[in-house]
There are 2 protein chains.
Amino acid sequence: MEHLYSERAKAIKASEIREILKLTQQPEIISFAGGLPAPELFPIEAMKAVACKVLDENGREALQYSTTEGFAPLREKIAQRQNDMGIQCNRDDILITSGSQQGLDFTGKIFINPGDYVLCESPSYLGAVNAFKAYQCAFKEVETDSEGMILEDLEKSIIETPNVKFVYVIPDFQNPSGRTWSLERRRGLIKIAEKYNLVIIEDNPYGELRFEGTSIASVKSLDTDGRVVYLGTFSKTFSPGIRIGWVCASPEILNKYILVKQSADLQTSSLAQRELSMFLDLYDFDAHIDSIRTVYKKRLQVMSDAMKRFFPDSAVYEIPKGGLFVWVILPDHVDTRKILVKAIENKVAFVPGGSFYPNGGRENAMRLNFSNMPEEKIVEGIERLGKILKEMIL
Amino acid sequence: MEHLYSERAKAIKASEIREILKLTQQPEIISFAGGLPAPELFPIEAMKAVACKVLDENGREALQYSTTEGFAPLREKIAQRQNDMGIQCNRDDILITSGSQQGLDFTGKIFINPGDYVLCESPSYLGAVNAFKAYQCAFKEVETDSEGMILEDLEKSIIETPNVKFVYVIPDFQNPSGRTWSLERRRGLIKIAEKYNLVIIEDNPYGELRFEGTSIASVKSLDTDGRVVYLGTFSKTFSPGIRIGWVCASPEILNKYILVKQSADLQTSSLAQRELSMFLDLYDFDAHIDSIRTVYKKRLQVMSDAMKRFFPDSAVYEIPKGGLFVWVILPDHVDTRKILVKAIENKVAFVPGGSFYPNGGRENAMRLNFSNMPEEKIVEGIERLGKILKEMIL
């Protein structure tokens with residue numbers, strides 16, 4: 001059937017790394033690979049209570065088709081939370097999506113023509129890269145440092161690269177680097193996007209998972225002319241399994257996302273939206289997020305301490321102030337795909353860094369997740385991994 | 001921002017009809033417009049019970065990320081049901097999607113290059129047309145009669161039309177026509193697809209809603225070389241609000257759908273899949289479908305009787321043997337968009353037929369849904385509509 005597939009489908013290949021990482025689902029493996037929340041923190045009893053209440057009070061509506069835009073009271077509450085974060089918006093600026101991954105897919109569909117270039121941080125989120133690639137774009141990776149994209153390189157990239165529509169960024173606790181953009185860089189990004197009339201896609205799954213210091217204004221909150229599309233999600237603060245995220249954008253742009261959603265899957269689950277909305281009404285969501293932060297902060301501390309003890313000096317990393325990941329850079333000659341094979345033999349897993357560079361060519365980094373494993377396993381896993389690194393890095 | 005949108009996004013327009021039909025959500029309107037199931041038949045108490053049981057027994061897994069392919073026990077049960085319908089498959093041939101609309105979107109993504117032609121029944125399902133259109137295809141409508149596509153016209157269309165990848169059909173109680181393909185035509189369709197090496201997309205949301213006679217073998221069950229992609233859904237037999245459908249295809253083709261799903265939204269809700277799977281374990285799903293059939297059959301009878309009484313003789317229709325819709329053809333000069341405006345003034349609604357012809361040009365039909373309104377409202381609505389038709393059709 002090969003000749004019948006679209007050009008875009010011919011280009012989609014299964015990830016080799018993904019196949020290897022399927023092995024990490026065995027329970028005896030200590031996995032730092034996925035970006036999974038800690039399941040022991042899921043509000044299971046609350047979920048049961050809201051499921052029953054929604055079905056008792058509005059069962060027919062919860063199981064019926066509803067609007068593409070999403071359940072109005074949930075959109076209202078999201079808008080309010082965003083207002084509290086300094087983003088001026090109301091519920092009509094919010095579209096509910098099936099996780100923020102769907103927002104990324106729609107972004108590709110709405111902006112990318114085959115051959116267009118996407119500007120992104122180097123490294124950047126694998127799932128976004130794959131979502132955009134499905135629309136046959138190429139990538140220009142912009143160099144980053146501990147404050148975010150290097151703006152001179154961003155501007156140079158825009159000038160040198162044909163057919164750029166948007167800049168994709170994760171300004172808070174970036175995946176995979178863990179880095180957070182400074183306010184100055186955020187302002188600079190907006191200015192450059194205005195100068196060259198580009199859209200900014202701000203993907204913010206981790207912003208609420210800050211363990212220390214104070215939040216930095218989101219890029220969307222600095223947006224004065226509706227060029228920032230903000231992607232949010234409840235996957236890291238409530239549950240990824242129920243698949244609820246959102247897009248916040250100007251009316252003109254949001255209308256495109258709504259029309260695309262309509263033809264993509266009609267709507268996100270009516271039941272899940274009502275359950276989440278009810279949860280936000282009846283429970284203290286901020287207290288729930290606080291409890292997640294407390295646990296993750298401790299796990300990161302434990303991982304950091306273990307890395308100091310067990311990792312070779314040649315492993316370079318910054319400890320992030322939030323999020324889910326520590327990014328480790330090893331000497332240039334190291335290929336972490338080879339280290340992964342050895343690690344899995346030793347029942348420990350991570351994601352090799354090469355996957356996060358859309359144009360490839362760098363294999364000496366690894367992404368470690370600290371949210372999903374209990375503290376004692378983190379210590380044990382880092383010890384095992386440290387031993388392998390010391391053996392394999394000569 | 002107009003210049004930044006992709007060509008496909010520039011082409012997506014809001015439907016005028018859709019905007020008019022938003023008015024039909026007012027409770028005082030008798031709506032024959034949507035394709036909504038009867039909400040009073042939703043298994044609300046069962047849904048509560050399975051939600052609690054799933055969260056009690058596997059709350060962590062139900063709220064966590066899971067595999068793109070879907071929850072294995074649910075896929076197993078779907079495969080078994082399909083085996084019972086004569087489709088040879090196992091769980092690895094099934095991908096869970098967010099409703100079958102998502103299966104349609106993925107079909108467009110996997111097969112359509114800009115400028116390709118999609119062959120479909122004339123008329124065909126609006127949502128499929130929109131999903132495919134988003135990938136910039138054109139349509140060749142194939143003439144149909146009461147037994148399905150006219151095979152001579154299908155073959156002629158394939159020969160005359162460039163860049164055809166697949167034929168899209170709804171062989172059971174078609175949307176909007178209500179027609180069901182004969183076995184002979186199904187066999188003929190397969191033969192022609194083999195001859196010209198095309199894929200068949202068989203969309204079957206209504207097949208289980210048969211009110212009389214015996215089921216006709218699905219096109220997929222006649223497929224010997226893996227060229228039929230079958231799209232199924234629980235929207236009409238369980239609940240559309242929870243958004244669960246599936247794709248059943250050969251390993252090679254299904255692998256494309258899985259990769260596309262991965263970048264589109266990672267996975268369908270873990271919780272919803274486990275709830276539905278538990279429902280299938282604990283309740284008699286076939287008895288539940290029987291109860292839906294009983295109610296819809298009665299509603300269709302009531303609508304049919306009222307149409308005989310109140311519609312002008314110039315309104316031509318066939319009463320279907322199942323599904324959700326009656327398709328009414330009026331004299332050529334009638335524009336049902338104008339009739340809709342008058343109907344809404346009189347608090348009754350339907351979908352004008354023009355929307356179901358992807359190439360437009362025919363405005364003299366209307367689609368009436370009979371599943372969503374109680375019997376007394378059906379009679380009242382048909383009486384009102386009949387009065388308008390008699391006034392407006394001269």
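Let's start with one pairing: Tyr117(A) has Val164(A) as its bridge partner in strand 6 of chain A. That link belongs to a set of three bridges that join strand 3 (residues 117-122) to strand 6 (residues 164-169) of chain A, and the two strands run parallel. Keep in mind that this is a predicted model. From here we'll look at the sheets, the core, the contact between the chains and a few spots in the backbone.

**The eight-stranded sheet of chain A**

- Strands 3 and 6 sit in an open sheet of eight strands, ordered 2-9-8-7-6-3-4-5 in chain A, with mixed pairing.
- At the edges you'll find strand 2 (94-97) and strand 5 (148-149) of chain A, each of which pairs on one side only.
- Strand 2 of chain A is joined to strand 9 (residues 245-248) of chain A by four bridges, and this pair runs antiparallel.
- Within that pair, Ile96(A) stands opposite Trp246(A) of strand 9.
- Strand 2 of chain A is covered on both faces: Ile94(A) and Ile96(A) are buried on one side, and Leu95(A) and Thr97(A) are buried on the other.
- In a regular strand, side chains alternate between the two faces of the sheet.
- Helix 7 (residues 151-160) of chain A lies across strands 3, 4 (138-145), 5 and 6 of chain A, and it runs at about 160° to strand 4.

**The four-stranded sheet of chain A**

- A second open sheet to look at in chain A has four strands in the order 10-11-14-13, and here the pairing is antiparallel.
- Its edge strands are strand 10 (316-317) and strand 13 of chain A, with each pairing on one side only.
- Strand 14 (residues 365-369) of chain A has five of its five residues buried, so it is largely enclosed by the rest of the structure.
- Both of its faces are covered, with Ala365(A), Arg367(A) and Asn369(A) buried on one side and Met366(A) and Leu368(A) buried on the other.
- Strand 11 (residues 325-329) of chain A is tied to strand 14 of chain A by five bridges, running antiparallel.
- One of the residues involved is Trp327(A), whose bridge partner in strand 14 is Arg367(A).
- Strand 13 (residues 351-352) of chain A is joined to strand 14 of chain A by two bridges, again antiparallel.
- For strand 13, Val351(A) has Arg367(A) as its bridge partner in strand 14, while Pro352(A) has Met366(A).

**The nonpolar core**

- The largest nonpolar core holds 159 residues, and the ones with the most contacts inside it are Ile200(A), Tyr257(A), Ile200(B) and Tyr257(B).
- Take Ile200(B): leaving out residues up to four places away in sequence, it touches Phe166(B), Val167(B), Val169(B), Leu189(B), Ala193(B), Val219(B), Arg227(B) and Val228(B).
- In soluble globular proteins, nonpolar side chains tend to be buried together.

**Where the chains meet**

- Chain A brings 59 residues to the contact, and chain B brings 59 residues.
- On the chain A side, helix 1 (7-11), helix 3 (44-63), helix 5 (99-111), helix 6 (126-133), helix 9 (251-265) and helix 10 (270-282) each supply at least two residues.
- Helix 3 of chain A gives the most to that side, with 10 residues.
- By type, the chain A side splits into 32 nonpolar, 15 polar and 12 charged residues.
- Helix 5 of chain A meets helix 9 (residues 251-265) of chain B, with axes that come within 5 Å and cross at roughly 100°.
- The two helices are therefore roughly perpendicular to each other.
- Gly99(A), Gln101(A), Gln102(A) and Asp105(A) of helix 5 make this contact with Ser263(B), Ala264(B) and Asp265(B) of helix 9.
- That set divides into one nonpolar, four polar and two charged residues.

**Backbone spots to check**

- Ser122(A) and Pro123(A) are joined by a cis peptide bond with omega about 0°, and Pro123(A) is in the loop between strand 3 and helix 6 of chain A.
- Asn175(B) and Pro176(B) are also joined by a cis peptide bond, with omega about 15°; Pro176(B) is in the loop between strand 6 (164-169) and helix 8 (183-195) of chain B.
- Asn163(B), in the loop between helix 7 (151-160) and strand 6 of chain B, has a positive phi near 55°.
- Asn197(B), in the loop between helix 8 and strand 7 (199-203) of chain B, has a positive phi near 50°.
- Asn163(B) counts as partly exposed because it has 13 C-beta neighbours inside 10 Å, whereas Asn197(B) has 12 and so counts as exposed.

Key: Residues numbered from 1 in each chain as written. Chains lettered and ligands numbered in written order. Predicted model: local features only at pLDDT ≥ 70, side-chain atom pairs only at ≥ 80, totals over all residues. Contact = placed C-beta atoms within 7 Å. Nonpolar A, V, L, I, M, F, W, Y, C, P; charged D, E, K, R; others polar. Axes fitted to C-alpha atoms, helices over the stretch in contact; angles between N-to-C directions. Parallel < 35°, antiparallel > 145°, perpendicular 65-115°, else oblique. Buried ≥ 20, exposed ≤ 12 C-beta atoms within 10 Å, placed from the backbone. Pairing = 2+ DSSP bridges. Core = buried A, V, L, I, M, F, W, Y, C linked by C-beta atoms within 7 Å.
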